[in-house]
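Notebook open, coffee poured. I want to look up a few things in this model and jot down what turns up.

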Amino acid sequence: MSQVQNDEVRQHVRNRYKQIAVESNPNASCCSSTSPTTSCCNTPDEVSSKLGYSNEELNVVPNGANLGLGCGNPQAIASLKSGEVVLDLGSGAGFDVFLASRQVGETGKVYGVDMTPEMVSRARQNAQSHGYENVEFRLGEIEHLPIVNDSIDVIISNCVINLSPDKEQVFSEAFRVLKPGGRLAISDVVMTSELPEELKSDLHSLASCVSGASTIDEVMVYLQRSGFQNIVVEPKDESREFIKDWVPGADVENYIQSAIIKAIK
């Protein structure tokens, strides 16, 4: 993919999430249509419950931080500890950052990086208005992280890396900023069968977390080339139940699944 095409993809995704941040549409989800006429119109909490978040997790974050974005719950696999430094790739309005901040405590720190100014602004407002002192939100692309080398204990992310036109660069950047022994613990989608051509070339499908998905083998190669070890890519067959609503009528659940992706530097 050329640089011009990469920029076109990024701008399309940025515009999509700008719209979600500005409109605060409770039906807007990374992996669902924003149209209120579709059958997949659920509140953000309803969407997140299907992704594996507990009622406690949904109730403790600032109002408006959860936009129903994602395809899993990285909190469940990250095993965060008090005092750790965490980075959330594609942090949106701050939902996973705020949850992680509770786990790492006052001696820890959580950074969120997002390329959409409106999302970063919303997350910062949430943090300030609710007194979160151990979080920081930075504007930037996940292919070019505004984070120094060897400074992060754990990287989390929720259904964001598939949106990138240069996924290997994302994993290389993740490796760069992790401390030796640091770990990657993300939820994302993987392609399990070849996508139809009409989905492959559709930017709306890409922004809906469908056409940008890589195969399991591709993800493994990206991680290995970036230097990671102890790599696990574990698709979740049960995710088909909510994936089927992402692009109504397209049967996308036959082509992609949510997966747990873990690795160590």
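**Entry 1: strand pairing**

Which residue in strand 3 is the bridge partner of Val-110? I looked it up, and the partner is Val-135. This pair sits in a parallel pairing, where 5 bridges join strand 2 (residues 109-114) to strand 3 (residues 135-139). Between the two strands the chain passes through helix 6 (residues 117-129), and this β-α-β crossover is right-handed. Note to self: this is a predicted model, so everything here is computed from predicted coordinates.

Next I moved to strand 1 (residues 85-89). Strand 1 runs parallel to strand 2, with 5 bridges between them. Strand 1 also runs parallel to strand 4, joined by 4 bridges. I picked Leu-87 to follow across: its bridge partner in strand 2 is Tyr-111, and its bridge partner in strand 4 is Ile-155. Strand 1, helix 5 and strand 2 also make a β-α-β unit, and that one is right-handed.

**Entry 2: what is covered**

How many residues of strand 1 are buried? I get 5 of its 5, so I wrote the strand down as mostly covered. I also checked which way the side chains go. Val-85, Leu-87 and Leu-89 point one way, Val-86 and Asp-88 point the other way, and all are buried. I put a mark beside Asp-88, which is on the buried list with the valines and leucines.

Helix 5 (95-104) was next. Here 8 of the 10 residues are buried, so the helix is largely enclosed by the rest of the structure. The buried ones include Phe-95, Asp-96, Phe-98 and Val-104. Just after helix 5, Gly-105 takes a positive phi of about 70°.

**Entry 3: the cysteine pair**

I counted disulfides and got 0. What keeps Cys-159 from bonding to Cys-71? Their sulfurs are 3.1 Å apart, which is too far for a bond. The cut-off I used is 2.5 Å between cysteine sulfur atoms. For Cys-71, the nearest cysteine sulfur is that of Cys-159.

Are these two buried or exposed? Cys-71 has 2% relative accessibility and counts as buried. Cys-159 has a relative accessible area of 1% and is buried as well. The threshold for that label is under 20%.

Cys-159 has something else to log. It lies in the loop between strand 4 (152-158) and helix 7 (167-177). Its phi is near 60°, a positive value in a residue other than glycine.

I noted Asp-251 under the heading of positive phi too: its value is near 55°, and it is not a glycine. Asp-251 is found in the loop between helix 11 (240-243) and strand 8 (256-264). With a relative accessible area of 41%, Asp-251 is partly exposed.

**Entry 4: empty space**

How many cavities of 30 Å³ or more does the structure hold? I found 3. The largest has about 430 Å³ of space in it. I listed 33 residues lining the largest cavity, and those nearest its centre are Gly-90, Ser-91, Gly-92, Asp-114 and Val-160. By type, the lining divides into 17 nonpolar, 10 polar and 6 charged residues.

Which elements supply that lining? Helix 1 (3-23), helix 5 and strand 2 each give at least two residues. The largest share, 3 residues, comes from helix 1.

Then I looked at the second largest pocket, with a volume of about 200 Å³. Among its 16 lining residues, Leu-51, Cys-71, Gly-72, Asn-73 and Lys-236 are closest to the centre. So Cys-71, logged above as buried, turns up here again. The lining of this pocket divides into 7 nonpolar, 6 polar and 3 charged residues. Helix 4 (75-78) and strand 8 each supply at least two of the lining residues, and strand 8 has the largest share with 3.

**Entry 5: one last distance**

I finished on Met-220, which lies in helix 10 (residues 216-226). Met-220 is partly exposed, with a relative accessible area of 24%. How far is its C-alpha from that of Ala-263? The separation is 9.7 Å, for two residues that are 43 apart along the chain.

Conventions:
Residues are numbered from 1 along each chain as its sequence is written. This is a predicted model: local features need pLDDT of at least 70, side-chain atom pairs count only at pLDDT 80 or more; totals for chains, interfaces and linings use all residues. Side-chain values use heavy atoms; hydrogens and water are left out. Two strands pair if DSSP finds at least two bridges between them. A crossover is right-handed if, with the strands pointing away from the viewer, the path from the first strand over the helix to the second runs clockwise. On a 1 Å grid over the protein atoms alone, a cavity is a set of points where a 1.4 Å probe fits but cannot get out, and a pocket is an open set with protein on both sides within 12 Å along at least five of seven lines; lining residues have an atom within 4 Å of a point. Grid points are joined across faces, edges and corners, and a volume is the space filled by probe spheres set on the points. Ala, Val, Leu, Ile, Met, Phe, Trp, Tyr, Cys and Pro count as nonpolar, Asp, Glu, Lys and Arg as charged, and the others, Gly among them, as polar. Buried means under 20% relative accessible area, exposed over 50%, partly exposed in between (1.4 Å probe, protein chains only).
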